[in-house]
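This report goes through a two-chain protein structure, from overall make-up to single residues. The sequence and the coordinates come first.

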Amino acid sequence: MAESVSNVVIAGGGAEEDISLLDVLDHVLHQGVIIRGNLVISLAGIDLIYVGLDVILTSVETALRHIARAQGEARASAARITG
Amino acid sequence: MAVLAYCIAESAQGGSVPAAGVLGASIHLLRQSGLACLYSEWEEAPALSGAAVRASALAFHRVLQGAFAHGAIIPFRFPTILGTRGDLEAFVREHAAEYSGALARLKDKAQMDVRISFQRRAGATGTGAAYLRARQAERAKLAAAAREFRDAGSEQIEAWRERELADGLRCFLLANRAAVPELRAGFERVRIAPELTARVTGPWPAAEFVSEGPVEERA
């Protein structure tokens, strides 16, 4: 169990479950080596996307926002063509 | 074959490869330039959506923790998926000197994180100058709290980096693995301003200390 001393919480002293899901997600999504260059990722069932040289993948949420925006733009473009 | 990279370790590092990783895939070992890289591969890049993202991130974390239990590792950020094993091999080869140096430097080290944030904020009202003064006061409180932690662990902490957050301050500190219990015990005695809250987690792989330079700001 996480130990709470006043407003200071010290987690992870014993069992693994002391570390919250948020702590874990925060670490795996925001820390670690970033491959710059043509990174291939697949998220949310969307086909592969290629992240350009200057783009850093910061989180799944960020990537999902990029995908959603790209899809929106593609739909708008298709609507203009067909309309 | 799409490849998901987990982490890099020294090739000579002991320990067995975890049985399964993200989406239950087998974990393979790529040896290159004195380094070992853990990865999984699929015929096509895996689709990670909804609950699968969370479950996959947790599976990824378990692989990292398993490898970290045997020694220093350099984790990849989740999800790093490359087109082929050859791409991963080329990446490791290209960065072999840098990562070998980092692993040697981080041998027997662990990272602890301290996140300090406001439980409640004063909420600046009025002029822009008043807002700036309130922000300055907040920064001073955060800095004072960080100093409390730093002082409490002064004998164990070997390196310290900070990153400002929208709601507070995040501190990363490097210590010997063996010193972590003592460090935690010292942190239990830390007292910070009542409007602040602090959460200490770790030990983690020392991802923030792979580079020797100052940590970059990532808002």
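In chain A, 16% of the contacts between residues at least 6 apart in sequence join residues at least 24 apart. The model is a predicted one. The secondary structure of chain A consists of two helices and four strands, and from the N terminus these elements follow the order β-β-α-β-β-α. Chain A has 83 residues, and 41% of them count as buried. Its accessible surface is about 4,800 Å², with 58% belonging to carbon and sulfur atoms.

**Chain B as a whole**

In chain B, residues 24 or more positions apart account for 75% of the contacts with a separation of 6 or more. Five helices and nine strands make up the secondary structure of chain B. Along the sequence they are arranged as β-β-β-α-β-β-α-α-β-α-β-β-α-β. The C-alpha atoms of chain B fill a box of roughly 60 × 40 × 30 Å along the principal axes.

The table sets out burial and surface for each chain.

| Chain | Residues counted as buried | Accessible surface | Share on carbon and sulfur atoms |
|---|---|---|---|
| Chain A | 41% of 83 residues | about 4,800 Å² | 58% |
| Chain B | 48% of 219 residues | about 10,000 Å² | 50% |

Chain B carries 27 positive and 25 negative charges, and the mean positions of the two sets are 6 Å apart.

**The two domains of chain B**

Chain B is divided into domain 1, residues 2-105, and domain 2, residues 109-209. Nine residues from domain 1 of chain B and eight residues from domain 2 of chain B take part in the contact between them. Taken over C-alpha atoms, the centres of the two domains are separated by 30 Å.

The size of an interface is often expressed as the accessible area lost when the parts come together. Domain 1 of chain B and domain 2 of chain B bury about 670 Å² between them, and 58% of this area is on carbon and sulfur atoms. Which three residues supply more than any others of the area that domain 1 of chain B buries against domain 2 of chain B? They are F68(B), P75(B) and R105(B), which together supply 66% of that area.

**R105(B) and A110(B)**

R105(B) belongs to helix α3 of chain B. With a relative accessible area of 31%, R105(B) is partly exposed, because this value lies between the 20% limit for buried and the 50% limit for exposed residues. Leaving aside neighbours within four places in sequence, R105(B) is in contact with F209(B), V210(B), S211(B) and E212(B). R105(B) and E212(B) are 107 residues apart along the chain, yet their C-alpha atoms are separated by 9.6 Å.

A110(B) is in strand β6 of chain B. Is A110(B) buried or exposed? A110(B) has a relative accessible area of 1%, so it counts as buried. Beyond its neighbours within four places in sequence, A110(B) is in contact with F68(B), L173(B), L174(B), A175(B), R177(B), V180(B), P203(B) and W204(B). One of these contacts, F68(B), is also among the three residues named for the domain 1 side of the buried area. A110(B) and I73(B) are 37 residues apart in sequence, and their C-alpha atoms are 9.9 Å apart in space.

**Backbone features of chain B**

The peptide bond from F78(B) to P79(B) is cis, with omega near -5°. P79(B) lies in the loop between β4 (73-75) and β5 (81-82) of chain B. The peptide bond from G202(B) to P203(B) is also cis, and its omega is near 10°. P203(B) is placed in strand β9, residues 196-204, of chain B, and P203(B) is one of the residues in contact with A110(B).

Two residues other than glycine have a positive phi. L23(B) has a phi of about 55° and lies in the loop between β1 (2-10) and β2 (28-32) of chain B. L23(B) has 46% relative accessibility and therefore counts as partly exposed. D108(B) has a phi near 65°, and its place is the loop between α3 (96-105) and β6 (109-118) of chain B. D108(B) counts as partly exposed because its relative accessibility is 48%.

Technical notes:
Residues are numbered from 1 along each chain as its sequence is written. Chains are lettered from A and ligands numbered from 1 in the order in which they are written. This is a predicted model: local features need pLDDT of at least 70, side-chain atom pairs count only at pLDDT 80 or more; totals for chains, interfaces and linings use all residues. Side-chain values use heavy atoms; hydrogens and water are left out. Buried means under 20% relative accessible area, exposed over 50%, partly exposed in between (1.4 Å probe, protein chains only). Contact means heavy atoms within 4.5 Å. Accessible areas come from the Shrake-Rupley method with a 1.4 Å probe; for residues, only the protein chains shown count as cover. Lys and Arg count as positive and Asp and Glu as negative; His and the chain ends are not counted. The place of a charge is taken as NZ of Lys, CZ of Arg, CG of Asp or CD of Glu. Domain bounds come from an automatic or database domain assignment. Buried area is the accessible area (1.4 Å probe) that two parts lose on being put together, summed over both.
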